[in-house]
Amino acid sequence: MLEDLTTAAFSPTSWPAAYPKGYAVVDVETTGLARDDRIISAAVYRLDARGEVEDHWYTTVNPERDPGPVWIHGLTSEALEGAPLFPDIAEEFTARLEGRVLVAHNAVFDWQMIAREYARAKCEAPVRQRLCTIALSKELGLPLPNHKLESLAAHFGVVQRRAHHALDDARVLAEAFRPSLRAAAASGVRLPLHECRPLTEWSDRPATPRIGQQAGPRSYGGYRQTGWRPSRKRPACPYPNPGRYEAGGRLKQGMRVAFSGDTSTERELLEDRATEAGLHVATSLSRLTSLLVTNDPDSGTSKVVKARQFGTPVVDEAAFGQLLGDVEPASEG
């Protein structure tokens, strides 16, 4: 059945010229989902421009700490004791990723975990673009009951043998991505590609607990519900919104600033600096937003789309960093 879905006839001239030349379908298993968690195994299926599998690779990784939810990924401290450290496998991982679009299910999580491991190893991940298969399934309008990997696999008749094992998850995703890619090509769908930026400034401190989640020692009771960027309670901005940022001008205390896409400086650090400067950090974009900060203005994210609709000014990370150095005080009275 899968072969029928993935071998639709395409003439050499029918494949979209703008599509990437190769893909690296990736899955990583981790000690948890927070920024201070570590990769404990990784798998990569390399696919050519039309989704044909070229090869695959798998490794365990010693996280140098507790392995976390063993009942999910099955990797105990004993199993990982003799595994290589991430710096030891970084070169091979790079060779598997280089020159390809990283494909993953909930790709922002896999990418951020990978980017952070490379940053710890003091080297740069070679990834420049990523594609999330959740976003692609939405673009294709697939009739899925939810956005879990098992639902996508079932839709394409792919049998999952070992859920939460990096190699099998990567295999399942590769087999589900192939017909998705061909369907996108046949319909001329624009692939939901997003820019990836290696981290150059980051913090490994434990993530702030989610709103309503109890703080304390590491707990995996809510493992499946935890997000990469947990919601945080910020103090209310004490200044009124003075309106939109004007190109060439200064930021002013009280302006509402939203962020979209990858940044070289960890997002939370940027948000903290904006708050400390007297700006209002907004989690969504509206007509009241003063400025959108993004390095990928053509990404098509909901914030970028709304910024275009509302005429909201847009600057990149570097420009925003300069503007933060000279924020105008709020008007008195």
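Contact is taken here to mean heavy atoms within 4.5 Å. In this predicted model, helix α6 (residues 133-140) packs against helix α8 (residues 166-187) at an angle of about 35°, the two axes lying 11 Å apart, and α6 passes α8 in a left-handed crossing. On the α6 side the contact is formed by T133, L136 and L140, which meet L173, F177, S180, A183 and A184 of α8. By residue class, this contact of α6 with α8 comprises six nonpolar and two polar residues, with no charged ones.

Helix α9 (residues 267-276) is largely enclosed by the rest of the structure, because seven of its ten residues are buried. The buried residues of α9 are R267, E268, L269, L270, E271, D272 and A274, and the elements that cover them include the strands β7 (256-260) and β8 (280-282) together with helix α11 (317-324). Just after α9, the backbone at G278 adopts a positive phi of about 95°.

A further buried position is found in strand β2 (residues 39-48), to which S41 belongs. The relative accessibility of S41 is 1%, and S41 therefore counts as buried, the cut-off for this class being under 20% relative accessible area. When residues up to four places away in sequence are not counted, S41 touches D27, V28 and E29, the run Y58, T59, T60 and V61, and also L75 and A166. Of these contacts of S41, A166 falls within the residue range of helix α8 (residues 166-187), the helix against which α6 packs.

Conventions. Residues are numbered from 1 along each chain as its sequence is written. This is a predicted model: local features need pLDDT of at least 70, side-chain atom pairs count only at pLDDT 80 or more; totals for chains, interfaces and linings use all residues. Side-chain values use heavy atoms; hydrogens and water are left out. Axes are lines fitted to C-alpha atoms, for helices over the stretch in contact, and angles run from 0 to 180 degrees between N-to-C directions. Helices (H or I, at least four residues) and strands (E, at least two) are DSSP runs, numbered from the N terminus. A crossing is left-handed if the near helix is turned anticlockwise from the far one by less than a right angle, and right-handed if clockwise. Ala, Val, Leu, Ile, Met, Phe, Trp, Tyr, Cys and Pro count as nonpolar, Asp, Glu, Lys and Arg as charged, and the others, Gly among them, as polar. Buried means under 20% relative accessible area, exposed over 50%, partly exposed in between (1.4 Å probe, protein chains only).
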